Structures are given as structure tokens and as C-alpha cells.
Amino acid sequence: MKFTAAVTSVFFLIGSYFANGAVPEWGYHHGVDPKHWKYLFPTCGGMQQSPIDIKTSKVQTDITLEHFDLSKLSTAKNVELGIQKDGQTVQVGLKGQGLEVSGGGLPGTYVVEQLNLHWGSKNTRGSEHEINEKHFSMEMQVVMHTDIFPSVNDAMNCTNGLAVLSFLVDIGPHNHKFDEIINHLYSIEHIGGHAQLNSFSLTSLFPSTDYFYRYYGSLTTPPCFESVIWTIFKEQIYISEFQLNQFRQLGRAHFIGTGDLINNYRFPQPLNHRVVTSNFIQTNTIKTPKPLRVKIS
Ligand SMILES: *[C@@H]1O[C@H](CO)[C@@H](O)[C@H](O)[C@H]1NC(C)=O
């Protein structure tokens, strides 16, 4: 059954290829949808794909995962913000001196290159990663490449070439730390435009980064290379609905007529043989203790 379905899809793709005279484009709601990405990009059907649903009862504590060293990030100077459209997501490019991260169990130093934002049209959807099947309103992914390579593009096809720091975002009170980035995004009027942030601190957007989940996965967009060390922080970011609407509006303003900038997330992929670890002990998984048996000798 599965085989038949796959063959049909391939023929369908080939059919549309010839019909339009163009290579079909991947997308979320038009073009080739996430379920069929693997026919255009075989790696998207791999065994170590992202995102995933983190089942906290299956997470294993790894005491060797140390804290991140984000001190260089917080003092990075002259950060330049730019908006690009990569396939069907909004990418906020970051260029600056010293956007480096180490620690956190990473096998070296990684350099921040971009911020990817995934959101939904409703507050109940939007994140790519899920925790115990809970979806969040947005996910902010800080994409880094190993300092062995000069860019994400050069590193993305190498094992451990990339590392992503991911924050799950939910609706809460107004978060003034996001004002600067939202305002600057608005001042960029076209794709490829840039804004200079002289005193922008990326880490000011972060909640506590002390506790996190770790697993090995892939890019969540084609070509889905399995080169990413994922970190999902336990602490969420809260922004107001008004602020989230600014991001939604940003997509509409910059990519007119593209329904893909609403609900631009990939669904969780099979975990397969992988194990998610964390640098903390899951308190919510401690079972009701058995009655203590006191041995009287
Ligand atoms: C690199 O690309 C090739 C071909 O697309 C793929 O088979 C391989 O799995 C990729 N490597 C990683 C680490 O993703």
C-alpha cells in the first residue's frame, strides 16, 4: 500500500514537472507539501529528521551536558539584521563580530548566522517542536554553523556542521525585549534589505538558558540535511498576541499572496532510534514513590 502511494506521488510530481515546465517548488500549502518533500529531496525521508515531539517521560538525563557560554553573544557589536526569503520561511540574517557560542555539550565553537521564525495563524499552532504533543505559538531558532566552516551553506552537509538553539514561544504579557527587533524588522521594506542594530543583544531575547533538551536531527526545511545538533530550551519565551501579530503581519507585508507565511512549520518526524537527553532531571516523570520498606534487623 505504502509503495503504491509513493509511486503515485512520484508520477504526480513528474506529471506536474512536465505540465508546468518548471521544477516543482517545495512549500507548506502549495507546491510540493511536507509529506512529499522526500521525493524532491531524498534526505527529507531520512531516519534523523526534525522537528520531533519530545516525550518528557522518555528523556534521559545526561550529566555531561554543561551550560552554554553565551557571553560573546551578549557583547556582540554592530549586528546587522536582514530579511531573506528562503524557500517559504522568513529568515532574519545576523551579521556581526563575535556572534560565537560554545559549551552546552557542543563539540566546539559555533557562529550565529540567522534566526528562523516559525509561527501559525492561531495561537495554538506554530512551533515545529512539541513537548508531550503540546504545540506552541511560535518557535525561534537561532541557527549556527561550526567555526570550522565559514557559513551555514558550507557546513550544512557535514555531521555536526550546524547547531540550532531553539526557543518555544507562547502568548503572555507584552515582552518589551522584542520591541527593538520587531520595530527594526518593520523598517526593512523589502527582501534583502538591512537594518543596523548598534546595541542589539540577541541574548536579551532569551529566557533562562540553564536547562535544555538535546538531540541530533536535521534542517526542518529542504534539503533536510541531517547535520544539526538541536537544543530546545526548557524555559519558554512569552510575547503578547499583539506582538505575535506583528510577525504574522511581517510575513504578509513582505511576501504578498504567500499563504505559506502563515503556518510555516513542519510536523514532528519519527524519533526512530534516537534518544533525547537533557541536562536536568525530569521532575514531572517521577512516579509516585513506592512505600518505603524499613528493614528492621
Ligand atoms: C549530504 O548530502 C547527501 C546528498 O544529498 C546526503 O545523502 C547526506 O546524507 C548528507 N549528509 C548529511 C550529514 O546530512
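Is N160 buried, exposed or partly exposed, and how many other C-beta atoms lie within 10 Å? Select N160 to begin, bearing in mind that this is a predicted model. N160 is partly exposed, because 16 other C-beta atoms lie within 10 Å, a count that falls between the limit of 12 for an exposed residue and the limit of 20 for a buried one. The residue sits in the loop between α4 (152-155) and β10, and its phi is near 60°, a positive value in a residue other than glycine. Most residues other than glycine have a negative phi, and most peptide bonds are trans.

**The whole chain**

Zoom out before going further, and colour by secondary structure, which comes to six helices and 15 strands. Buried residues account for 35% of the 297 residues in the chain. If you display contacts between residues at least 6 apart in sequence, 70% of them join residues at least 24 apart.

**Strand β10 and its partners**

Select residues 162-171 next, which form strand β10, a mostly covered strand in which eight of the ten residues are buried. Adding residues 138-146 brings in strand β9, which pairs with β10 in the antiparallel sense over eight bridges, and here M138 can be found opposite V169 of β10. Now add residues 228-233, strand β13, whose pairing with β10 is parallel and runs over five bridges; pick S166 and its bridge partner in β13, I232, to see one of these positions. A further addition is strand β14, residues 237-239, which runs parallel to β10 and is joined to it by three bridges. V169, already picked for its place opposite M138, also stands opposite I237 in β14.

While β10 is on screen, centre on V164. Leaving aside neighbours within four places in sequence, V164 is in contact with Q141, V142, V143, V228, W230 and T231.

**The nonpolar core**

Which residues touch the most other members of the largest nonpolar core? Select V112, M138, M144, L162, A163, V164 and V169, which hold that position among the 59 residues of the core. Strand β10 supplies the largest share of this core, seven residues. Colouring domain 1 (1-40) and domain 2 (47-281) separately shows where the core is placed: both domains give residues to it, so the core lies between them.

**Strand β12**

Move to residues 212-217, the strand β12. Five of the six residues of β12 are buried, so this strand is largely enclosed by the rest of the structure. Strands β12 and β13 run antiparallel and are joined by six bridges, and Y216 is the residue to pick for its position opposite I229 in β13. Strand β15, residues 277-278, is also antiparallel to β12, with two bridges between them; there Y213 stands opposite S278.

**The ligand**

Show the ligand with its surrounding residues, which are T43, N157, C158, T159, F225, E226 and S227. Colour this shell by residue class, and it divides into two nonpolar, four polar and one charged residues.

**Backbone stops**

Two cis peptide bonds deserve a check of their omega angles. The bond from S50 to P51 is cis, with omega near 0°, and P51 is placed in the loop between α2 (37-40) and β1 (53-54). The bond from P222 to P223 is also cis, with omega near 10°, and P223 is found in the loop between β12 and β13.

Select E133 after these. Is E133 buried or exposed? E133 is exposed, because 9 other C-beta atoms lie within 10 Å, a count within the limit of 12 or fewer. E133 belongs to the loop between β8 (130-131) and β9, and although it is not a glycine, its phi is positive, at about 65°.

**A last stop in helix α6**

Finish with residues 241-254, helix α6, and pick Q246 within it. Q246 is partly exposed, since it has 18 other C-beta atoms within 10 Å. Add N183 and draw a C-alpha to C-alpha distance: Q246 and N183 are 9.2 Å apart in space and 63 residues apart in sequence.

Methods. Residues are numbered from 1 along each chain as its sequence is written. This is a predicted model: local features need pLDDT of at least 70, side-chain atom pairs count only at pLDDT 80 or more; totals for chains, interfaces and linings use all residues. Helices (H or I, at least four residues) and strands (E, at least two) are DSSP runs, numbered from the N terminus. Two strands pair if DSSP finds at least two bridges between them. A residue is near a molecule or strand if its C-beta atom, placed from the backbone, lies within 6 Å of it. Ala, Val, Leu, Ile, Met, Phe, Trp, Tyr, Cys and Pro count as nonpolar, Asp, Glu, Lys and Arg as charged, and the others, Gly among them, as polar. Two residues are in contact if their C-beta atoms, placed from the backbone, lie within 7 Å. A nonpolar core is a set of buried Ala, Val, Leu, Ile, Met, Phe, Trp, Tyr and Cys residues joined through C-beta atoms within 7 Å. Domain bounds come from an automatic or database domain assignment.
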